Structures are given as C-alpha cells and as structure tokens.
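Open the structure in your viewer and keep the selection tool at hand. We will go from stop to stop, and at each one you will hear what to pick and what to look for.

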Amino acid sequence: MDSPILDRTNIADKNSYFIFNEGKYQAVNGELPLRQNLFLEGDNLPILNDLLATHKEIFRIIYIDPPYNTRNYLLTYHDNRKSKLWLEMMKDRLKIARDLLSENGVIFTSIDSSEVWNLKLLFDEIFGSENFLGEIIWHNRTTPNDAKSNFACDHEYILCYAKNSNQVVFKGNQKDLDKYKNPDNDPNGPWMIDNPSAASGQENYKFPIVNPFTKQEYFPPKGRYWAFAPARVEQWALSGKLVFPKMLGKKFILKKYLSELKSHHKAFSSVISGILTSHGTKELKQLFDGEGAPLKFPKPTALIKTLLEQLAENEDHILDFFAGSGTTADACIQLEKEKNIKLNWVMIQIPEPVRAGSQGEIMGFKTVSEITKERIKRAYEVSSLK
Ligand SMILES: C[S@@+](CC[C@H](N)C(=O)[O-])C[C@H]1O[C@@H](n2cnc3c(N)ncnc32)[C@H](O)[C@@H]1O
C-alpha cells in the first residue's frame with residue numbers, strides 16, 4: 001500500500017533500475033541481480049517490495065537518513081509535523097527493511113530530537129525492544145543553531161537496531177597502543193605505567209609495600225586500596241613488572257604490558273565526535289569541483305564509514321533507501337579502497353525535483369536522483385585515481 005501522505009506532483013511514477021559497474025550505469029530490466037552495486041530510482045516503498053523478491057535477508061547493514069519531519073527539509077511529503085503520518089510512512093518501509101536484513105544484520109537510522117522518541121517506539125514495535133543495540137549521539141555542530149532560546153542543540157541521534165541482537169558483535173575501535181613503549185629493553189616487551197591503586201577493595205588490600213633497596217614503606221593513597229594481592233609484590237618484583245627505585249623518596253612503577261591486553265580494541269562508543277555536518281557539505285562541494293554542494297546538509301562520509309567499519313566484511317550488501325546525495329555509496333566506495341574489500345551497495349532515491357533557485361538547480365540538476373547518480377560516478381572516479 002502506498003503512503004497516504006506522498007505528494008506525487010511532478011514526480012515520475014516509473015522506477016528506473018541501474019547496475020553501477022566500472023564507473024558506468026547500465027539499465028536493469030529483469031530481476032535485480034545480487035552481488036552488484038545498484039542505483040534504484042523511484043519511491044522507496046514499491047522498490048523495497050521489489051527488492052524483497054531477490055534480496056530477502058541479504059543486507060548486512062542498512063543505513064537511512066529519512067526526512068526528519070521538520071519544516072526545513074526539501075521533502076516529498078507534506079512535512080507538516082504530523083507525527084502520525086510521518087510514522088506511518090516510516091512504518092511501511094521499516095517492516096520491509098526488517099525482512100531485507102540478514103540474521104546478523106543491523107539498521108542504523110539518523111534522526112534528530114524532533115522524532116527520535118517516536119521513532120524508537122516504532123522500531124521497538126517492528127524489531128522488538130530486545131533488538132535495540134543503542135542510540136548513538138552524534139555531536140554534529142560546534143555553532144549553536146537556536147539563538148532565540150539560547151539553547152544549542154548540537155547533536156543528532158543514530159538509532160541502532162539488530163535483526164537479532166544475539167548475532168551482532170561490533171568490531172570496536174583500536175586502542176591507543178602508541179602509549180606502550182620499551183625504553184628499558186624489558187624482555188616482556190612494550191609497557192606503560194599502570195595505576196597500582198583502586199577506588200574499591202578489601203581492607204587487607206591496604207598493606208604496606210616495602211622497597212627492597214631503601215626499605216621505604218608505601219601505602220595506597222588515602223581512601224584507596226592496592227589493586228593487587230600482597231602475594232603479587234614479590235612475584236612481580238622478580239619478573240620486572242614492579243620496579244623499585246634505588247633512591248629514597250621516589251615512587252615504584254607498576255608496568256602494564258602490551259602483551260597483557262586481552263584485546264587491542266575497545267568497545268564502539270555511543271558518542272561520535274570530531275565529525276561535523278559542515279564536513280559533509282565541504283566534501284560534496286569538493287567533489288563537484290568547488291562549484292557548490294548540489295544538496296543541502298549531506299551526511300559526512302566519515303560518519304557513515306564509522307558505522308560501516310563496525311560490521312562490514314568483504315562481499316557484504318549495504319542498503320540506503322533514502323540515499324539523498326548518495327553519501328552511503330561514496331562511503332562504501334572509500335571503504336572498499338581503504339580496507340581492500342568489496343561491498344555491494346544498493347541506493348534508492350526518488351526523482352524529487354530540486355527546489356527552484358537551489359544550488360542544485362543552479363548547477364543544472366533537475367532532480368535529487370540526478371545528483372545522487374552524478375555524485376556516485378564522481379566518487380568512483382576519485383577512488384580510482386587513488
Ligand atoms: C535527509 S535526505 C538524505 C541525505 C543523505 N543521507 C545524504 O547524505 O545526502 C532524505 C532523502 O530521502 C529522499 N526521499 C524522501 N522520500 C522518499 C521516498 N519515498 N523514496 C525515496 N527517497 C525518498 C529525499 O528526496 C531526500 O533526498
């Protein structure tokens with residue numbers, strides 16, 4: 001069933017499907033092929049249904065950046081803050097999206113504070129609250145955007161849901177291993193200084209540690225406890241993990257060896273910072289030779305790559321059914337190069353007419369989907385030059 005709020009004025013009804021290969025678009029007439037990069041032009045609802053025939057349970061990652069239901073956007077919908085209608089539109093699509101996800105698949109959805117809570121309830125209904133992985137806070141701007149109230153809303157959200165949360169493990173981020181050095185040629189390898197005391201512990205963990213050279217006694221700082229049992233002191237002094245100074249008045253050193261780390265990765269943080277909305281505009285402008293960004297507020301590729309990197313493996317299928325300028329495809333193209341993997345992306349974008357007087361129109365584009373197609377082509381050209 002079509003969305004009751006879709007305004008089809010000036011939008012072509014016919015869907016056009018393309019394979020993007022070797023920098024060229026080639027029309028697809030029959031079945032949509034697997035393991036290909038696909039650009040599907042038209043309303044995402046019937047297209048998602050078409051995809052079900054060939055791509056059911058295929059997508060490892062879906063990223064979407066739907067219209068935010070605010071007045072500012074250039075939208076196909078009557079964007080009148082009628083949450084119910086907006087949610088109906090999302091519901092129809094998310095139900096199909098769930099069926100398109102693989103068993104270990106994850107859907108990331110960008111959204112701002114206006115609809116995040118409603119959208120979360122909708123996701124809970126469709127995906128089940130047990131499959132809510134978390135919401136990412138994306139610190140996306142540094143300049144306040146609401147001068148009237150003097151309240152700076154400088155973040156957005158990315159809701160993360162799994163098809164089946166038991167099947168999802170994020171890769172996490174690399175720990176900062178540069179802190180581990182070996183200035184004393186310790187045979188146990190690179191190390192960094194560890195904190196020997198802890199905020200909590202048992203009373204008998206306040207024992208004195210005696211420096212074998214100076215006989216000085218060390219106690220944990222006031223209110224704290226040693227982070228190890230008394231038996232460890234001799235053992236670690238012998239192995240070199242605990243180093244006592246030969247001069248009175250100096251502290252001992254507890255070494256934390258790189259080899260002791262259980263993992264070189266730390267968990268994927270629910271806060272993303274250092275990537276700004278303005279970066280997205282800047283890179284789109286750059287891709288169009290500095291002429292201008294043909295679409296307002298594209299997401300930065302770095303943001304999408306941060307998400308994709310957490311899960312994407314060679315030959316994974318990635319879907320974005322609100323493609324806009326095609327940032328997700330660009331992020332996939334960049335990641336393929338950086339990680340030496342192959343990703344199969346599928347972008348869906350409606351041929352929404354560009355707004356009169358907009359930068360897109362000045363640059364000669366008639367529809368947003370024309371912008372998507374051109375951006376993907378350019379992203380591929382840039383990548384093949386690297
Ligand atoms: C917020 S923008 C996405 C921006 C994108 N993430 C980027 O970085 O450029 C949402 C896009 O969804 C498109 N859209 C809205 N309704 C659609 C529909 N029913 N089918 C396909 N695309 C749609 C709009 O034309 C708009 O370009």
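Begin by selecting Asp289: this residue follows helix 5 and has a positive phi, near 55°. Before moving on, please keep in mind that you are looking at a predicted model.

**Stop 1: helix 5**

Now select helix 5 itself, residues 277-287, and colour its buried residues: Thr277, Gly280, Leu284 and Leu287. Why do they lie on the same side of helix 5? They cover an arc of only 85° around the axis, and therefore share one side of the helix. As a general rule, an α-helix has 3.6 residues a turn, so residues three or four places apart point the same way. Turn to the other side of helix 5 and you will find Lys282 and Gln286, which are exposed. To see what covers the buried residues, show strand 6 (132-139), helix 7 (327-339) and helix 9, which are among the elements there.

**Stop 2: the open sheet**

Next, display the strands. Ten of them, in the order 2-1-3-19-18-4-5-7-6-17, make up an open sheet with mixed pairing. Which strands stand at the edges? They are strand 2 (24-27) and strand 17 (271-272); each has a single partner strand, so one side of each is left without a neighbour in the sheet.

Move inward to strand 4 (residues 59-64) and strand 18 (residues 317-320), which run parallel and are joined by 3 bridges. Select Ile61 and its bridge partner in strand 18, Ile318. Then add helix 1 (residues 44-55), which packs on the sheet and touches strand 1, strand 3 (38-41), strand 4, strand 18 and strand 19. The direction of helix 1 makes about 155° with that of strand 19.

**Stop 3: strand 3 and its two partners**

Zoom in on strand 3. In a regular strand the side chains alternate between the two faces of the sheet. Here both faces are covered: Leu38 and Leu40 are buried on one side, Phe39 and Glu41 on the other.

Strand 3 pairs with strand 1 in the antiparallel sense, over 4 bridges, and Ile19 stands opposite Leu38. With strand 19, strand 3 runs parallel, again joined by 4 bridges. Select Val346 in strand 19 to see the residue that Leu38 stands opposite there.

**Stop 4: aromatic rings**

Now show the side chains of Phe, Tyr and Trp; 23 aromatic pairs are counted in this model. Pick Phe20 and Trp345, a tilted pair with 5.8 Å centre to centre and 35° between the planes. This pair links distant parts of the chain, since Phe20 is in strand 1 (residues 16-21) and Trp345 is in strand 19 (residues 344-349), 325 residues apart. Is Phe20 buried or exposed? Phe20 counts as buried because its relative accessibility is 2%. Trp345 is buried too, with a relative accessible area of 0%.

Keep Phe20 selected and add Tyr380: these two form an edge-to-face pair, 5.6 Å centre to centre with 85° between the planes. Tyr380 sits in helix 9 (residues 368-385), 360 residues from Phe20. Tyr380 is partly exposed, at 28% relative accessible area.

For a whole group of rings, select Tyr205, Phe207, Tyr218, Trp226, Phe228, Trp236, Phe244 and Phe252, which ring pairs link into a cluster.

**Last stop: Lys373**

Finally, select Lys373 with Phe18 and Tyr25. The charged end of Lys373 sits over the ring of Phe18, 3.8 Å from its centre, and also over the ring of Tyr25, 5.1 Å from its centre.

Key. Residues are numbered from 1 along each chain as its sequence is written. This is a predicted model: local features need pLDDT of at least 70, side-chain atom pairs count only at pLDDT 80 or more; totals for chains, interfaces and linings use all residues. Side-chain values use heavy atoms; hydrogens and water are left out. Rings of Phe, Tyr and Trp (its six-membered ring) pair if their centres lie within 6.5 Å; planes under 30 degrees apart count as stacked, over 60 as edge-to-face and the rest as tilted. Helices (H or I, at least four residues) and strands (E, at least two) are DSSP runs, numbered from the N terminus. Buried means under 20% relative accessible area, exposed over 50%, partly exposed in between (1.4 Å probe, protein chains only). A charge sits over a ring if NZ of Lys or CZ of Arg is within 6 Å of the ring centre and within 35 degrees of the ring normal. The arc is that of the directions from the helix axis to the C-beta atoms. Contact means heavy atoms within 4.5 Å. Two strands pair if DSSP finds at least two bridges between them. Axes are lines fitted to C-alpha atoms, for helices over the stretch in contact, and angles run from 0 to 180 degrees between N-to-C directions.
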